[in-house]
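Please open the structure in your viewer and keep the selection tool at hand. The tour proceeds stop by stop, stating what to select and what is found there.

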Amino acid sequence: MTEPDVLEASALAEIEGMLSTLSTLFTDAGFEPVQPAHLFPAETLLDLYGEDIRARAFLFPDPVQGDEMCLRPDFTVPVAMAHGRRGWDRAGRYCYQGPVFRQQEAGMTRPIEYLQAGIEDFGGLDAAEADCRIFQLIHHGLDALSAPPHRTTIGDLGIVFALLEALDIPEGQRQQLRRHIWRPARFHKLLDGFGSPAPEPSARRAALLAAVAEDRLEEILAEAGEAIGLRETTSIYDRAAALLSASSNRVMPSAYVALIEAILDLACPADQAPEQLREIVSAAGVELVTALDALSRRLDALSSAGFDLSNLTYDAAFGRNLEYYDGFVFEVLVEGQTDGPPIAGGGRYDTITARLGAEKPRPAVGGIIRPEAVREAYRLWR
């Protein structure tokens with residue numbers, strides 16, 4: 001792990017100037033400045049992040065409460081939590097800036113503490129307009145910072161979710177695929193497994209499944225005597241019931257497996273994405289009218305805002321590293337960049353609002369810029 005940098009006066013002044021520029025831009029656009037705390041209860045915060053960030057969080061014991069605390073790994077969830085306390089039914093637009101903290105793998109040179117400046121929009125009734133507003137303002141921010149030439153990738157996880165809803169597959173399979181959409185390796189392993197005949201269960205598992213089917217599991221556990229291990233009885237019941245349900249699932253048609261893979265494999269200029277997606281699902285006899293119309297409206301809004309769609313890349317599999325994203329996603333990389341962090345990104349995360357306490361998912365979308373990454377990219381490009 002690299003040692004934290006100590007910024008020289010000139011570099012510090014440059015970064016402070018970049019933050020001031022972004023603050024003015026965001027507040028002039030109608031976003032209210034907020035500053036969430038650095039530390040949060042770990043259980044509350046980390047349940048809302050994906051495995052990637054959860055494994056890289058900084059955790060500390062709380063000697064007073066006895067719980068674990070977590071240094072914020074980003075701003076989105078803390079700002080969403082603060083908005084929820086004000087009331088989910090109201091609209092709110094917020095901007096923020098400050099450090100976030102993530103552990104890095106051994107050998108990586110990325111910083112463990114870095115700055116984010118961003119915006120979050122809650123309650124925007126027209127999703128396409130709200131998505132476009134965030135996307136446009138983030139790019140205006142990059143222009144204001146004189147970012148070097150860059151390229152933007154967009155995606156839409158909502159299309160994958162809509163496809164899973166449209167397919168005639170067992171609900172258990174659908175829920176597992178939805179739960180693991182953010183874990184590509186696990187997702188594809190599940191998909192391959194659902195498309196193949198289940199192997200014959202071992203004698204022990206067959207006996208377990210028979211006991212569950214005959215409602216004799218409690219009797220068998222009682223006969224087994226004292227349990228060894230930490231799993232509670234209710235957990236054993238739930239897992240056994242899930243195994244029984246999975247054992248009765250029919251094999252997913254190979255056409256469905258191929259369709260899901262084809263949707264996730266699509267990468268093309270953004271202006272071609274709606275037509276190519278419609279061709280793929282139409283050939284399979286599946287309708288995704290609502291999801292694809294939403295994509296088209298968003299792209300129309302971006303085009304009307306002056307973005308050349310042929311210069312934006314649509315990648316259907318993009319956005320699968322943060323579990324709170326569930327719709328439109330985007331990421332900005334410097335031209336020619338093969339590694340290193342993005343200089344900006346963001347997306348839509350309606351579903352997380354319900355997990356935070358809203359009665360139903362509320363519209364939510366945001367984006368961030370990494371000023372230090374922009375500065376470093378400009379230094380190397382120049």
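## First stop: Leu22

Select Leu22, which counts as buried because its relative accessibility is 0%. This residue is found in helix α1, which spans residues 9–28. The model on the screen is a predicted one.

Now display the surroundings of Leu22. Leaving out residues up to four places away in sequence, Leu22 touches Ala117, Gly141, Leu145, Ile369 and Pro371. Select Leu145 together with Leu22: they are 123 residues apart along the chain, yet their C-alpha atoms are separated by 8.2 Å.

## The whole chain

Zoom out to view the chain as a whole. It contains 16 helices and twelve strands. Of its 382 residues, 45% count as buried. Among the contacts in the chain with a separation of 6 or more, 70% are between residues 24 or more positions apart.

## Helix α4

Next, select residues 76–86, which form helix α4. Is this helix largely enclosed by the rest of the structure or largely open? Eight of its eleven residues are buried, so α4 is largely enclosed. To see them, select Thr76, Val77, Pro78, Val79, Ala80, Met81, His83 and Gly84, the buried residues of the helix.

Then add the elements against which these buried residues pack. The strands are β2 (39–41), β5 (92–101) and β6 (113–122). The helices are α2 (42–46) and α15 (350–355). Finally, select Gly87, which follows α4 and has a positive phi near 125°.

## Helices α5 and α14

Select residues 127–144 for helix α5 and residues 289–304 for helix α14. Two packed helices are described by the angle between their axes and the distance between the axes. Here the angle is about 45° and the axes are 9 Å apart. The two helices α5 and α14 are therefore oblique to each other. In addition, α5 passes α14 in a right-handed crossing.

Which residues of the two helices meet? On the side of α5, select Ala128, Asp131, Cys132 and Phe135. On the side of α14, select Arg297, Arg298, Ala301 and Leu302. The residues of this contact divide into five nonpolar, no polar and three charged.

## Asp131 and Val365

Keep Asp131 selected; it lies in helix α5. Is Asp131 buried or exposed? Its relative accessibility is 1%, so Asp131 counts as buried. Apart from its neighbours within four places in sequence, Asp131 is in contact with Arg298, Phe328, Arg348 and Val365.

Move from Asp131 to Val365, which lies in strand β12, residues 364–369. Val365 is buried as well, because its relative accessible area is 1%. Beyond residues up to four places away in sequence, Val365 touches Ile119, Glu120, Asp121, Ala130, Asp131, Ile134, Gly347, Arg348 and Tyr349. Arg348 therefore deserves a place in the selection, since it is in contact with Asp131 and is also touched by Val365. Add Gly327 too: it is 38 residues from Val365 in sequence, and the two are 9.1 Å apart, C-alpha to C-alpha.

## Helices α13 and α14

Return to α14 and select residues 273–283, which form helix α13. These two helices pack at an angle of about 170°, with their axes 10 Å apart. Hence α13 and α14 are roughly antiparallel to each other.

To display the contact, select Ala273, Pro274, Leu277, Arg278 and Val281 in α13. They meet Leu292, Asp293, Leu295, Ser296 and Leu299 in α14. The residues of this contact divide into seven nonpolar, one polar and two charged.

## Cysteines

Select Cys95, which counts as buried because its relative accessibility is 5%. Then select Cys132, which counts as buried because its relative accessibility is 7%. A disulfide is a covalent bond between the sulfur atoms of two cysteines. How many disulfides does the model have? The count comes to zero.

## Last stop: Ser146

Conclude with Ser146, found in the loop between α5 and β7 (150–156). Most residues other than glycine have a negative phi. The phi of Ser146 is positive, near 55°. With 44% relative accessibility, Ser146 counts as partly exposed.

Key. Residues numbered from 1 in each chain as written. Predicted model: local features only at pLDDT ≥ 70, side-chain atom pairs only at ≥ 80, totals over all residues. Heavy atoms only, no water. Axes fitted to C-alpha atoms, helices over the stretch in contact; angles between N-to-C directions. Helix = DSSP H or I, 4+ residues; strand = E, 2+ residues; numbered from the N terminus. Parallel < 35°, antiparallel > 145°, perpendicular 65-115°, else oblique. Left-handed = near helix turned anticlockwise from the far one by under 90°. Contact = heavy atoms within 4.5 Å. Nonpolar A, V, L, I, M, F, W, Y, C, P; charged D, E, K, R; others polar. Buried < 20%, exposed > 50% of the residue type's maximum accessible area, 1.4 Å probe, protein only. Disulfide = S-S within 2.5 Å.
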